[in-house]
Amino acid sequence: MDTRGLAAEYEEALFYLPPILREVLERVPEGDKGRIREVRLRAGRPLSVYDGSRSRFVTGRGRLADDGRDGLLVDQELLQEAFVRLCDYSVHTHQREMEQGFVTTPKGDRVGLCASVVRDRDGTVSCREISSLCLRVSREIPGVGRELCQRWDLARGPGLILAGGPGSGKTTLLRDLGRMLASGELGDCRKVVFIDERYELSAMFRGMPRRDIGLCGEAVCGLPKGEAIRQAVRTLSPEYILCDELGSLEEVGEVASGLACGVRFVATVHCGCREELPRSPVLRALMETGAFGAVALLDTPDRPARLAALVTKEAYHAEAAGAGDGF
């Protein structure tokens, strides 16, 4: 995607913010808009943005500064207004998300939150005393998966794990790989099901995906990943299932069950660097299922969705054995 397209997605992410914040952030220099990954609102502190390598503060005129002395101050009232708007004025529909520390906007941008979470006697969850919000600017980069597909034959080989730290572009790359499979860019069009627990992959809104998930792509949204995988296998006869951020051994078990039904998987997991690969219990369990032939380790946040290393199953097991993990 060109610079103008990246800047446009940044501006779209601002849609749900209060006008005073949106107008200031829209004044940010055009050359910086495409690089901004996060917008940070902290109670009693200046408005800031993060570009993948450093944080800077936004002045009332939209200038970016390295210190916060002239930054636009975000007070508690403005922070609360931003939260309600980011929930599209329907806070109660985000209860399950809030339990996990985030909400997702209708556009598919995740908003991390720090707050006091209170559960009432009837189980209703509410957020009080919000102290900060982190709006992550999600982006589509069509074709970003081609480099990886030149190294790994996803259409014919076994499944693939995308590993990387926060902000490394795992979701962006996963979505593009699914789009390519579902649209016939890697051969025949494949039946692809996106397990979209947080609505980030498809940005599904009123039954229509606002992200390109391919001609033969479908999304199971809002369900816990294990339950969604079971539903997809039972009812949608997928050829591929794509899962974002597998993080529990229960979810690994559902992958193993799907594999027994002939489904191929592409999944993402958190991993900060290559040395962490053999130490992750979830990653180790995933490799033991036999569903995956390699781990694609992504680069740093300043090079999102880019491949740093491709570790085959054989190399992974050799490294794990050398690390003393029992392989």
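1. Leu236 sits in the loop that connects helix 8 (225–235) to strand 15 (240–243). The model is a predicted one. Leu236 is classed as partly exposed because its relative accessibility is 25%, and partly exposed is the class between the under 20% of buried and the over 50% of exposed. Leaving aside residues up to four places away in sequence, Leu236 touches Val193, Glu218, Val220 and Gln231. Between the C-alpha atoms of Leu236 and Lys191 there are 8.7 Å in space, for a separation of 45 residues in sequence.

2. Cys134 belongs to strand 9 (residues 125–136). Its relative accessibility is 9%, so Cys134 counts as buried. Residues up to four places away aside, Cys134 has contacts with two stretches of sequence numbers: Glu38, Val39 and Arg40 are among the residues touched, and so are Arg110, Val111 and Gly112. Arg42, which is 92 residues from Cys134 along the chain, has its C-alpha atom 8.6 Å from that of Cys134.

3. Two residues in the loop between strand 11 (192–196) and strand 12 deserve a look at their backbone angles: Tyr199 and Ala203. Tyr199 is not a glycine, yet its phi is positive, at about 65°. Ala203, likewise a residue other than glycine, has a positive phi near 50°. As to accessibility, Tyr199 has a relative accessible area of 31% and is therefore partly exposed, whereas Ala203 is buried because its relative accessibility is 1%.

4. Helix 10 (residues 281–288) has Val282, Leu283, Ala285, Leu286 and Met287 buried. In an α-helix there are 3.6 residues a turn, so residues three or four places apart point the same way. What do the buried residues of helix 10 pack against? Their partners are two helices, helix 9 (249–260) and helix 11 (313–322), together with strand 10 (159–164), strand 16 (264–270) and strand 17 (292–298). After helix 10 comes Gly290, with a positive phi near 85°.

5. The largest pocket holds about 760 Å³ of space. It is lined by 33 residues, of which Arg37, Gly167, Gly169, Thr172 and Pro304 are the closest to the centre. Which element gives the most to this lining? Helix 7 (residues 170–182) does, with 4 residues. Sorted by class, the lining of the largest pocket has 14 charged, 11 polar and 8 nonpolar residues.

6. For the second largest pocket, the volume is about 350 Å³. Among its 16 lining residues, those closest to the centre are Thr93, His94, Glu97, Thr104 and Tyr199. Tyr199 is thus the residue already noted for a positive phi of about 65°. Helix 5 (95–99) and strand 12 (204–205) are the elements that give two or more residues to the lining of the second largest pocket. The class count for this lining is 6 nonpolar, 6 polar and 4 charged residues.

7. Cavities of 30 Å³ or more number 3 in the structure. The largest cavity has a volume of about 60 Å³. Its lining is made up of Ile195, Asp196, Glu197, Arg198, Glu200, Leu201, Lys225 and Asp244. By class, 6 of the lining residues of the largest cavity are charged, 2 are nonpolar and no residue is polar. Anyone placing a probe here should note the charged residues in that list, Asp196 and Lys225 being among the lining residues.8. Over the whole chain, the secondary structure amounts to 11 helices and 18 strands. The radius of gyration is 20 Å, which agrees with the value near 20 Å for a compact globule because the protein has 327 residues. Taken along the principal axes, the box filled by the C-alpha atoms is roughly 55 × 45 × 45 Å.

9. How much of the protein is buried? Of the 327 residues, 52% count as buried. The exposed area of the protein is about 14700 Å², with 48% of it supplied by carbon and sulfur atoms. Among contacts with a separation of 6 or more, 63% are between residues 24 or more positions apart.

Key
Residues numbered from 1 in each chain as written. Predicted model: local features only at pLDDT ≥ 70, side-chain atom pairs only at ≥ 80, totals over all residues. Heavy atoms only, no water. 1 Å grid on protein atoms, 1.4 Å probe; cavity = no way out; pocket = protein on both sides within 12 Å on 5 of 7 lines; lining within 4 Å. Points joined across faces, edges and corners; volume = space filled by probe spheres on them. Nonpolar A, V, L, I, M, F, W, Y, C, P; charged D, E, K, R; others polar. Rg over C-alpha atoms; globule rule 2.2 N^0.38 Å. Buried < 20%, exposed > 50% of the residue type's maximum accessible area, 1.4 Å probe, protein only. Contact = heavy atoms within 4.5 Å. Areas by Shrake-Rupley, 256 points an atom, 1.4 Å probe, with all protein chains shown as cover.
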